[in-house]
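Biologist: Please take a close look at the salt bridges. How many are there by the rule used here, and which residues are linked in a network?

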Amino acid sequence: MSARRVALAAAVVLGVALAVVIAVRTPWQVLPEPPGGYTAIDPTAGLSASQVDRANAFAAALRPASLLSLALGLAVSAILGLTSLGARLVTAVARPFGSRWVVQVLLGVPVLVVLGRVVTLPIAAYVEVVRHRYGLSTRGWWLWLRDVAVSTAISVAVTALALLAIVWLARRAPRTWWAWAAVAAAGFVVVASFLYPLVIEPAFNRFESMPAGELRTGLLALADESGVPVQDVLISDASRRTTALNAYVSGFGSTRRIVVYDTVLDQLPTDEIESIVGHELGHVVHGDVLTGTLIGALGTAAATALLGWLLSWSPLLRRAGADSPGDPRVVPLVLFLLAAGGLLSTPVQNLVSRQIEARADLHALDLTRDPGAFVSMQRGLAVTNLSDPDPPTAWQWFFGSHPTAAQRVAFAEDWVRDHRR
């Protein structure tokens with residue numbers, strides 16, 4: 001069997017393994033209820049007409065911009081990756097420093113990533129203006145630029161290291177590079193999931209321990225009742241950037257902590273905060289982070305094997321202006337293929353995410369046994385975060401990572417009915 005066919009076969013096997021993990025680990029049926037639930041979904045989620053109108057207006061202002069940014073970014077990536085333009089750019093930026101392949105990768109990746117970010121930067125600025133107009137963003141423009149710069153720098157660093165490894169492996173092992181790259185990529189996903197709360201989170205927010213008191217004691221008691229060891233309860237200075245409400249549990253073992261936005265402390269009563277944290281503890285109880293890491297590792301490995309198959313197709317390489325996977329001029333093509341693959345996988349990722357989030361909602365309800373606080377919390381989040389309680393079906397199918405507010409309110413009512421039976 002040719003090396004190209006082996007790569008394709010490996011991609012298929014890994015894809016099947018991924019599908020099995022998704023099928024087994026995704027909670028497709030959260031409550032023992034008929035399809036669609038017992039409760040008819042109220043598209044307003046119980047919000048007032050003015051609140052729904054405001055959320056709809058906010059969504060109407062942002063959705064076209066989001067689609068335009070997505071399309072523009074993909075178009076630029078396609079132009080650079082599917083023509084010789086990107087290859088010539090990689091060569092040109094490295095020429096003053098010599099033409100070694102390492103230099104071409106290390107200089108070419110930042111130029112390509114920054115170019116893609118610059119092209120969509122006006123749209124990102126417009127989105128920030130809209131968020132300010134609706135009172136959702138509290139960032140000044142210097143902080144916004146700093147956040148853009150930091151996120152771009154992180155993206156450049158990670159992408160440059162990944163592409164450097166791919167090109168190096170392809171030069172050292174032309175027939176089996178993709179196999180070694182797949183193993184390395186899967187390992188990176190695992191390591192990154194552990195390092196994220198220690199490295200990435202502090203780059204954007206500051207954290208301090210929640211002072212001793214009733215709320216801290218109550219949240220630690222919820223964690224204990226859930227069987228989740230928690231080292232600390234932290235407050236994030238989210239109000240520097242947003243008025244949005246959120247809380248989460250991050251880390252593993254000795255690094256696990258409950259994190260609550262300071263905006264939550266200012267706006268929600270204790271029972272609703274406990275409901276949010278109960279939801280987040282549900283993710284830990286059911287191993288959702290570990291499941292996500294496994295899915296990410298398998299998906300990344302399968303994508304890398306598929307990349308090995310695609311990059312062994314000579315017509316595609318010639319179109320991109322590269323000679324082989326070990327040619328640094330292949331970098332723009334790899335970036336385009338990764339972007340396209342990420343876009344195609346988005347609906348599947350979000351389908352799994354919505355089911356997992358529904359199970360976490362169930363944990364919050366079972367833990368607190370306070371559906372009233374849960375419903376009030378969901379409505380409060382929808383109002384403050386300007387979430388459309390009932391977005392268009394196609395939009396929710398593709399972009400919705402959580403059930404809608406209307407679905408979550410109906411879910412709580414189904415939980416009540418189920419527990420009264």
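Modeller: A salt bridge here is a side-chain nitrogen of Lys or Arg within 4 Å of a carboxyl oxygen of Asp or Glu. By this rule the count comes to 13 salt bridges. The model is predicted, so local features need pLDDT of at least 70 and side-chain atom pairs count only at pLDDT 80 or more, while totals for chains, interfaces and linings use all residues. Residues are numbered from 1 along each chain as its sequence is written, and side-chain values use heavy atoms, with hydrogens and water left out.

As to the network, salt bridges link E128, R131, R139, R146, D147 and R241. One of the pairs in this network is R131 with E128: their side chains meet in a salt bridge, with 4.0 Å from N to O. Both residues sit in helix 4, which spans residues 101-133 (helices are DSSP runs of H or I, at least four residues, numbered from the N terminus). R131 and E128 are 3 residues apart there, so about one helical turn separates them.

The two partners differ in cover. E128 has 2% relative accessibility and therefore counts as buried, whereas R131, at 23%, counts as partly exposed. (Buried means under 20% relative accessible area, exposed over 50%, partly exposed in between, with a 1.4 Å probe and protein chains only.) The pair thus joins a buried acid to a partly exposed base.

D237 and R240 form another salt bridge, with 3.2 Å between the closest N and O atoms. Here again the acid is buried: D237 has 13% relative accessibility. Its partner R240 reaches 31%, so R240 counts as partly exposed.

The third pair to look at is D323 with R329, where the closest N and O atoms are 2.8 Å apart. In this case the acid is exposed, because D323 has 62% relative accessibility. R329, at 25%, counts as partly exposed.

Taken pair by pair, the arginine is partly exposed in R131, in R240 and in R329. The acids fall on opposite sides of the scale: E128 and D237 are buried, while D323 is exposed. For checking the pairs in the viewer, the N to O distances are 4.0 Å for R131 and E128, 3.2 Å for D237 and R240, and 2.8 Å for D323 and R329.

Note on methods:
Helix = DSSP H or I, 4+ residues; strand = E, 2+ residues; numbered from the N terminus.
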